[in-house]
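Work through the two exercises below with the structure open beside you, and try each task before you read its solution.

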Amino acid sequence: MHDIRAIRENPAAFDAGLSRRGMDAVSSELLSLDEERRQAITAAETAQAEQNRASKAVGAAKASGDEDEFQRLRALVSEQKELVGAMQARAKELDEKLTARLLELPNLPYDDVPEGTDEDDNVEIRRWGEPREMSFPAKEHYELPAVRAGMDFETAAKLSGARFVVLSGAVARVHRALAQFMLDTHVEENDLSETWTPVLVREEMMLGTGQLPKFGEDSYRTTDGWWLIPTAEVTLTNIVNGQIVDEGALPRRYVSHTQCFRSEAGSAGKDTAGMLRQHQFEKVEMVSVTHPDKSEEEHQRMTRCAEGILERLGLPYRTVVLCTGDMGAGARRTHDIEVWLPGQNTYREISSVSTCGAYQARRMNARFRPEGGGKPEFLHTLNGSGLAVGRALIAVLENGQQEDGSVELPEALHPWLRGKTRITSDGELA
């Protein structure tokens with residue numbers, strides 16, 4: 001959420017930031033609503049003060065024995081009470097209207113975020129690894145003989161419908177090993193704190209990280225009002241919801257492996273083959289809560305944590321900065337890491353690492369207490385996949401495919417597979 005005081009101080013800069021996201025100027029609308037709200041609050045406070053003075057006068061009239069004056073003042077207080085109630089209700093209505101409008105608006109991009117409208121305008125900043133040259137036509141993951149028996153879309157469709165999968169045997173083992181490998185690496189080498197969280201959350205938690213109110217159609221809601229998390233960003237970030245954290249306790253770095261649920265609204269017909277885009281999937285998520293002065297450094301650190309997982313797995317990737325038109329609503333800057341998929345002959349996103357500034361913290365009222373004293377300030381929050389487990393599985397299978405239909409598995413995974421190194425063309429770990 002945005003600070004209305006900052007908009008008052010520099011409305012032109014606010015409108016310019018929204019313009020970079022392809023949005024019309026809204027500062028005049030917001031400031032007009034803000035002025036009406038402030039006037040209503042002032043009027044209500046003035047009326048409340050008059051009511052308080054009249055109430056004191058009622059007591060004095062009663063004590064003096066002036067019954068006529070007592071009755072007149074009591075009637076006046078009653079009238080004033082109704083007026084104050086109406087004025088307070090109006091001030092509250094305007095305050096809620098302004099807050100709702102601010103909650104709908106996306107974050108402002110940093111100045112160094114490239115201009116653009118879609119993924120074609122994203123800017124590559126580095127690559128790692130060389131795609132392996134294959135002497136045979138590369139297959140997509142679901143076409144591999146080693147995979148077919150362990151990746152069942154027909155049974156999943158019977159159970160749940162489209163965009164679900166049942167994994168079994170060797171494929172399920174590798175999927176689980178990937179998640180364990182990612183978690184252990186982040187905890188033991190990257191100094192993140194392993195955290196287990198619920199996948200059902202209250203509505204205000206979705207509001208805190210920006211999934212609501214505008215993007216509710218992208219997630220699932222239960223009949224009793226809970227929401228299924230689209231990412232553990234929701235739960236991990238909201239750990240500090242409503243808190244004032246001591247500056248000395250920063251940064252807080254979390255990592256969690258969870259099920260995630262997305263409706264994929266608006267993606268009909270997109271990536272329907274295989275398990276690239278699912279309604280239910282697993283992700284190892286990283287979240288950092290930092291001092292504002294450290295969030296830039298933390299963004300680079302988190303990006304390297306995600307890249308390091310791919311390097312350990314020997315998977316070629318490229319890192320891009322998302323342009324203003326392709327960036328998520330809550331981010332000020334996003335690095336997308338795209339892994340090479342030989343079956344598609346292209347790079348596909350496997351992690352998005354975003355820095356959100358104080359946007360989420362203001363929505364959550366999450367602050368820190370400066371060590372030198374002074375007024376609490378809003379924290380900065382960051383989030384990123386470290387990595388999407390299903391997409392990592394796809395990348396491992398496609399990059400390790402052999403001409404005979406088997407799959408060679410990355411050496412980094414061998415300890416998590418009890419020394420097994422490959423999936424045979426018959427779908428067995430060996």
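**Exercise 1.** Determine in which hand helix 7 passes helix 10, and describe how the two helices pack.

*Solution.* Helix 7 passes helix 10 in a right-handed crossing, a crossing being right-handed if the near helix is turned clockwise from the far one by less than a right angle, and left-handed if anticlockwise. This is a predicted model, in which local features need pLDDT of at least 70 and side-chain atom pairs count only at pLDDT 80 or more, while totals for chains, interfaces and linings use all residues. Residues are numbered from 1 along each chain as its sequence is written, and side-chain values use heavy atoms, with hydrogens and water left out.

Next, take the geometry: helix 7 (residues 169-188) and helix 10 (residues 295-313) pack at an angle of about 125°, with their axes 11 Å apart. That angle makes helix 7 oblique to helix 10 (under 35 degrees is roughly parallel, over 145 roughly antiparallel, 65 to 115 roughly perpendicular, and the rest oblique).

Finally, list the contacts (heavy atoms within 4.5 Å): Leu 178, Phe 181, Met 182, Thr 185 and His 186 in helix 7 meet Cys 305, Ile 309, Arg 312 and Leu 313 in helix 10.

**Exercise 2.** Find which strands pair with strand 11, and decide whether strand 11 is largely enclosed or not.

*Solution.* Strand 11 pairs in the antiparallel sense over five bridges with strand 1 (residues 123-128), where Arg 127 stands opposite Arg 318; pairing requires at least two DSSP bridges. Strand 11 also pairs with strand 12 (residues 333-341), in the antiparallel sense over five bridges, and here Val 320 stands opposite Asp 336.

Four of the five residues of strand 11 (residues 317-321) are buried, so this strand is largely enclosed by the rest of the structure (buried means under 20% relative accessible area, with a 1.4 Å probe and protein chains only).

Key
Buried < 20%, exposed > 50% of the residue type's maximum accessible area, 1.4 Å probe, protein only. Axes fitted to C-alpha atoms, helices over the stretch in contact; angles between N-to-C directions.
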